[in-house]
Amino acid sequence: MPEVTIKIGQRPYTVNCPAGEEPQLQMARAALDTEASTLLAHAGRVPEAQMLLMSGLMLADRTLALEEKLKAAEAALAQAKTAAHDIPPEIKTVVTEVEVPVVPLALLESLAELAARAESAADDLEERIAQSAG
């Protein structure tokens with residue numbers, strides 16, 4: 001297991017880290033360092049053990065608050081699912097299949113040919129009317 005040196009609260013620490021878990025270690029270090037830096041900015045010089053303890057407690061407090069928010073969100077989701085099941089069938093609309101009309105290419109070609117014939121017939125008719133009038 002490789003040793004990694006990290007800094008928390010401007011103090012270096014050497015820790016063992018399983019290979020491949022360095023990114024997670026750096027994220028955890030950054031979170032702990034943020035709390036330690038905040039503590040040091042407010043309290044000044046603090047003994048190492050107290051800095052680490054207080055920083056850990058601050059992170060634990062944040063974690064607990066996030067867990068409470070997650071539980072509330074999960075409860076709201078469960079309630080919404082239950083409410084969705086309680087909708088009467090006559091109100092609930094469930095789409096099980098959507099049909100998209102597709103016009104076959106042969107039909108499109110036939111329609112184009114018919115349109116061309118109709119235009120040609122209209123032109124001929126206009127010509128005959130023009131000759132009859134003139």
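This note goes through a predicted model, from its strands and core to its salt bridges and a surface patch.

1. The hairpin. Strand β1 (3-8) pairs with strand β2 (residues 11-16) in the antiparallel sense, over six bridges. Two residues lie between the strands, and together β1 and β2 form a hairpin. In the turn, G9 has a positive phi of about 60°. Across the pair, K7 of β1 stands opposite P12 in β2.

2. The two faces of β1. In a regular strand, side chains alternate between the two faces of the sheet. β1 shows this alternation: V4, I6 and I8 point to one face and are buried. E3, T5 and K7 point to the other face and are not buried.

3. The nonpolar core. The largest nonpolar core has 12 residues, including V4, I6 and I8. Others in this core include Y13, C17, L25, L32 and M51. Both β1 and α1 supply at least two residues of this core, and α1 gives the most, with five. As for C17, setting aside residues up to four places away in sequence, it touches M1, P2, V4, E22 and L25.

4. A salt bridge between helices. The whole structure has three salt bridges. One joins the side chains of E35 and R62, at 3.1 Å from N to O. This pair links distant parts of the chain, since E35 is in helix α1 and R62 is in helix α2 (residues 48-85), 27 residues apart. Is E35 buried or exposed? E35 counts as buried because its relative accessibility is 3%, and buried means under 20%. Leaving aside neighbours within four places in sequence, E35 is in contact with S55, M58, L59 and R62.

5. Salt bridges within a helix. D33 forms a salt bridge with R29, with the closest N and O atoms 3.8 Å apart. D33 and R29 are four residues apart in helix α1, so about one helical turn separates them. R29 has a relative accessible area of 21% and is therefore partly exposed. In helix α3, E113 and R117 are also four residues apart, about one turn of the helix. The closest N and O atoms of E113 and R117 are 2.9 Å apart, in a salt bridge. E113 is partly exposed at 44% relative accessibility, while R117 is exposed at 55%.

6. A nonpolar surface patch. Which residues form a nonpolar patch on the surface? They are V103, L105, L107, L108, L111 and L114, with about 560 Å² of accessible area together. L105 lies in helix α3 (residues 105-133). L105 counts as exposed because its relative accessibility is 59%.

How values were computed: Residues numbered from 1 in each chain as written. Predicted model: local features only at pLDDT ≥ 70, side-chain atom pairs only at ≥ 80, totals over all residues. Heavy atoms only, no water. Buried < 20%, exposed > 50% of the residue type's maximum accessible area, 1.4 Å probe, protein only. Contact = heavy atoms within 4.5 Å. Patch = residues over 30% accessible without salt bridge, like charges linked within 9 Å, V, L, I, M, F, W, Y side chains within 5 Å. Areas by Shrake-Rupley, 256 points an atom, 1.4 Å probe, with all protein chains shown as cover. Salt bridge = Lys/Arg side-chain N within 4 Å of Asp/Glu carboxyl O. Core = buried A, V, L, I, M, F, W, Y, C linked by side-chain atoms within 4.5 Å. Pairing = 2+ DSSP bridges.
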